[in-house]
Amino acid sequence: MRGLVATVLYSLLLATGADDRPALHYANVGYIEPADSHFLDSLLHTQPARFDSILAHADELEIQIIYTQIDRDSENRPHFTEHTWHLNPGRYFNPASLVKLPTAVAALEKLHQYEAQGVTLATPMATGAAHKCQTAVLNPFSRDPDRVASVGNYIRRMLLVSDNEAYNRLYEFVGPADLRRAFARWGMPDSRIVTRFSPRCDSISNRYTNPITFLPLDREPVRQPAAFDSAAPALPGPRLYKGTAWQNGKRLIKAPFDFTQANRLSLADINTLLRAILFPETAPQLNLRPADRAFLRQYLGLTPHAARFSQYRTPGYYDAYKKYLYYGRNPRRPVPEPGGPRSFNIVGLSYGFVADCSYLVEPTSGIELMLSAVLYVNRDGILNDARYEYSTTAWPFLADLGQLLFEYEKKRSRTNRPDLSEFAP
């Protein structure tokens, strides 16, 4: 019965263009969770066969969704209407590789400091080691331009296949102190990036960053010394625990996993950052040049094979490798499929948390939307045991969610037909 009622509501919403926009309220004393968008809730219930079993366990799965409708005015300027479902920045989720996007932005912003000395995206970048847990890249050169160790290639590797070593190198280049200042400038003071990825380092070691030397052609080497973030808080907020146990090698630790010293990034913040990259007229204002934005947009939207990046020409790096929303990370699905959207996105996948923040766009038909979602699939409650319901629950749900909203957008009326040629392949 509920499915029938939802279908009727869906038809009415489509006919009237009805919109409700729940207010988001941030305060120094806490966060007031917005009410779910009635429109989005009704839309989710129009297809009970696809969603009812998931929605019935929404709290257990810790689902959060941000769906942004985009309408263009007569000057083709975008205007955004945001709908949220179970959005709650007070509920911690591990952002995993979502942190690669703010790290890439901060690296591009920092690179401007070295431009006068001849440093560019393509400049070879040697990384030393000056503290425990640090590793080095002493020879950044290669006959293959794609394998040169440089800021540009590290960003490509992160955005195309979510490469963890590339993230580590840019974390070490930017450093946790500059990342903290970047989040403050962007209006995201509750988000933080304070750790490398594997090999796992303790919280003190992650505050030490490596010495770096840029080697521009026909110019003197440009050195950035090793550094220590002395201003980092010893305990960044209240303790954060997840699960009932965790695996440490072959040993099972029968206690919740402690994420207190881990990276933190809310779904709202990563959604805002992606929007600011793709739509520079929106807040926050990033210190990015037009060429920086074009570079990020190019690799956010490309698939590994389409990028023609020499390391990613094997079948293992299929089109949907990091395209979860709409495409569900399906190895047999082309991206974009005929009539389907391009996805300019960043994903996270770790400890049972699955997230995708995406701008879905089909330039020919003029369809565009932003969609960000996260859920937690860890039925046994044990973290780090590599037993998560990614393929059976998470990726199918994200595929269905993207397809539902893209199909709705196809039918939604717009006053002005957008010109989306800038997002064409």
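## Helix α9

The expected span of a helix is 1.5 Å times one less than its number of residues. For the twelve residues of helix α9 (residues 267–278) this gives 16 Å, and the 17 Å between the C-alpha atoms at its ends agrees with that value. The model is a predicted one.

Eleven of the twelve residues of α9 are buried, so the helix is mostly covered, buried meaning under 20% relative accessible area. The buried residues are Leu267, Ala268, Asp269, Ile270, Asn271, Leu273, Leu274, Arg275, Ala276, Ile277 and Leu278.

## The five-stranded sheet

An open sheet is built from five strands with antiparallel pairing, in the order β4-β3-β16-β15-β14. Because β4 (78–85) and β14 (342–350) stand at the edges and each has a single partner strand, one side of each lacks a neighbour in the sheet. From one strand to the next, the twist averages 10 degrees.

The edge strand β14 runs antiparallel to β15 (residues 353–362), and nine bridges join the two. Within this pairing, phenylalanine 344 stands opposite tyrosine 359 of β15.

## Helix α11 on the sheet

Helix α11 (residues 390–411) packs on the sheet and touches β3 (64–72), β14, β15 and β16 (367–376). The direction of α11 makes about 155 degrees with that of β16.

## Confidence

The average pLDDT of the protein is 92, and 92% of the residues score at least 70. Over residues 1–31, pLDDT stays under 50. For residues 1–31 the model has 52 contacts beyond four places in sequence.

Definitions and conventions:
Residues numbered from 1 in each chain as written. Predicted model: local features only at pLDDT ≥ 70, side-chain atom pairs only at ≥ 80, totals over all residues. Heavy atoms only, no water. Helix = DSSP H or I, 4+ residues; strand = E, 2+ residues; numbered from the N terminus. Buried < 20%, exposed > 50% of the residue type's maximum accessible area, 1.4 Å probe, protein only. Pairing = 2+ DSSP bridges. Axes fitted to C-alpha atoms, helices over the stretch in contact; angles between N-to-C directions. Contact = heavy atoms within 4.5 Å. pLDDT = per-residue confidence, 0-100.
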